[in-house]
Amino acid sequence: MDAFTELLGAPLVDEFLVFLAVMGERSELTVVAYRADLARLLRHLAATNTSLLEATQRDIDDFLAAYQQATSARSAARAASAIRGLYSHLITSEYLTRDPTEGIRLHNTIPSLPKALSIAETEMLLESVGVEDALGSRDRAMLEVLYASGMRISELIGLNIGDLREESFWLTVSGKGAKERLVPIPPIAARQLTRYLELYRRQLLGPHRDEAAVFVNRRGARLTRQGAWFALKQRAQAVGLDYKFSPHTLRHSCATHLVEAGADLRVVQELLGHASVATTEIYTKVSIAHLTKVYHAYHPRATL
């Protein structure tokens, strides 16, 4: 943020984001997204020399309409949530007595179905990664664990050696809000994880023997979310799946394949670490889409 936006309310935004981080009301990734959304709001207000404390409902609504046009309804809805939270904080902290977000029209949208690979595409991706070198073995282990467990990529890179349960195929995962859960690792994924740990992790660590992270980069430090995402995106690109691949692709694929096979939603909810089963229900829509596709492909009277 430049000096002008500093004068228009950037310190108040920083105070709000620190509050969210300290109180643990939002995940780290959400706070980062909120920071970007609110920086755009400040730049929008700066165009008319308006500060956060002077903004009106019209100012906020105009910003959200422009934001949706430039990005998407989903991004605008997230920005609206960030702005509502900011002004609620400003009122609670007695910077304001009126709420300019009251009555604004949230730019909500019907949730899109999460992108998932087919089972055949998933197997092709996993099997394409060679395991005869350190980075190949590491990336194969990451892909296998992501698909087997449905964990988030941020949870994957947050794994420590102490989270591995000896003599069992379970991992302790720290999810959103620092909530821990156990996730199963089936034998195929466990073999690839064990291979990486026993043959190659120490090689990547080099002199960094005290590093606690399970997955490390070529310099022996914990992989960042961006580093892991880049490495796996390259693996997907090698088999022509990069256009369908995102940090959540294997998480969505795991959940979708479980629901299509008849898994109970409560089980999938627990596996993914969703706070509410309502979030997990999106995968029933994916399953219905799959059912419709199969029906039209195979029922003799479906196209009559």
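How many residues does α3 have, and how far does α3 reach from its first C-alpha to its last? Helix α3 has 19 residues and reaches 27 Å between those two atoms, close to the 27 Å expected at 1.5 Å a residue, where the expected span is 1.5 Å times one less than the number of residues in the helix. Helices here are DSSP runs of H or I with at least four residues, strands are runs of E with at least two, and both are numbered from the N terminus.

The structure is a predicted model, in which local features need pLDDT of at least 70 and side-chain atom pairs count only at pLDDT 80 or more, whereas totals for chains, interfaces and linings use all residues. Residues are numbered from 1 along each chain as its sequence is written, and side-chain values use heavy atoms, with hydrogens and water left out.

The secondary structure of the chain comes to 14 helices and two strands. Of its 304 residues, 42% are buried, a term that means under 20% relative accessible area, with exposed meaning over 50% and partly exposed the range in between (1.4 Å probe, protein chains only). Among contacts between residues at least 6 apart in sequence, 58% join residues at least 24 apart, contact being defined as heavy atoms within 4.5 Å.

Returning to α3, its buried residues are V31, A33, Y34, D37, L38, A39, L41, L42, L45 and A46. As a general point, an α-helix has 3.6 residues a turn, so residues three or four places apart point the same way. Helix α3 packs against α4 at an angle of about 120°, with the two axes 10 Å apart, which makes α3 oblique to α4. Axes are lines fitted to C-alpha atoms, for helices over the stretch in contact, and the angles run from 0 to 180 degrees between N-to-C directions; those under 35 degrees count as roughly parallel, those over 145 as roughly antiparallel, those from 65 to 115 as roughly perpendicular, and the rest as oblique. The crossing of α3 and α4 is right-handed, meaning that the near helix is turned clockwise from the far one by less than a right angle, while an anticlockwise turn would be left-handed.

At this interface, D37, R40, L41, H44 and L45 of α3 meet D59, I60, D62, F63, Y67 and A70 of α4. D59, in helix α4, counts as buried because its relative accessibility is 19%. Its C-alpha lies 7.4 Å from that of L45, although the two residues are 14 apart in sequence, and, leaving aside neighbours within four places, D59 is in contact with H44, L45, T50 and E54.

The loop between α3 (28-46) and α4 (57-70) holds N49, which has a positive phi of about 55° although it is not a glycine. Most residues other than glycine have a negative phi. N49 counts as exposed because its relative accessibility is 51%. A second case is E94, whose phi is near 65° and which lies in the loop between α5 (73-92) and α6 (119-128); E94 counts as exposed because its relative accessibility is 73%.

The loop between α5 and α6 also contains K115, which is exposed, with a relative accessible area of 59%. Where does the chain come back to K115? The C-alpha atoms of K115 and S246 are separated by 8.6 Å, although their positions lie 131 residues apart along the chain, and K115 is in contact with Y243, T249 and H252 once neighbours within four places are set aside.

Helix α11 (residues 249-260) and helix α12 (residues 265-272) have axes that come within 10 Å and cross at roughly 165°, which makes α11 roughly antiparallel to α12. Residues R251, C254, A255, L258 and V259 of α11 make the contact with L265, V268, L271 and L272 of α12, and this crossing is right-handed.

The strands β1 (residues 170-174) and β2 pair in the antiparallel sense over five bridges, where pairing requires that DSSP find at least two bridges between two strands. The bridge partner of W170 in β2 is P184. Strand β2 (residues 180-184) has a covered face formed by R181 and V183, and an uncovered one formed by E180, L182 and P184. In β1, T172 counts as buried because its relative accessibility is 16%, and, not counting residues up to four places away in sequence, T172 touches L159, D163, R165, E180, R181 and L182.
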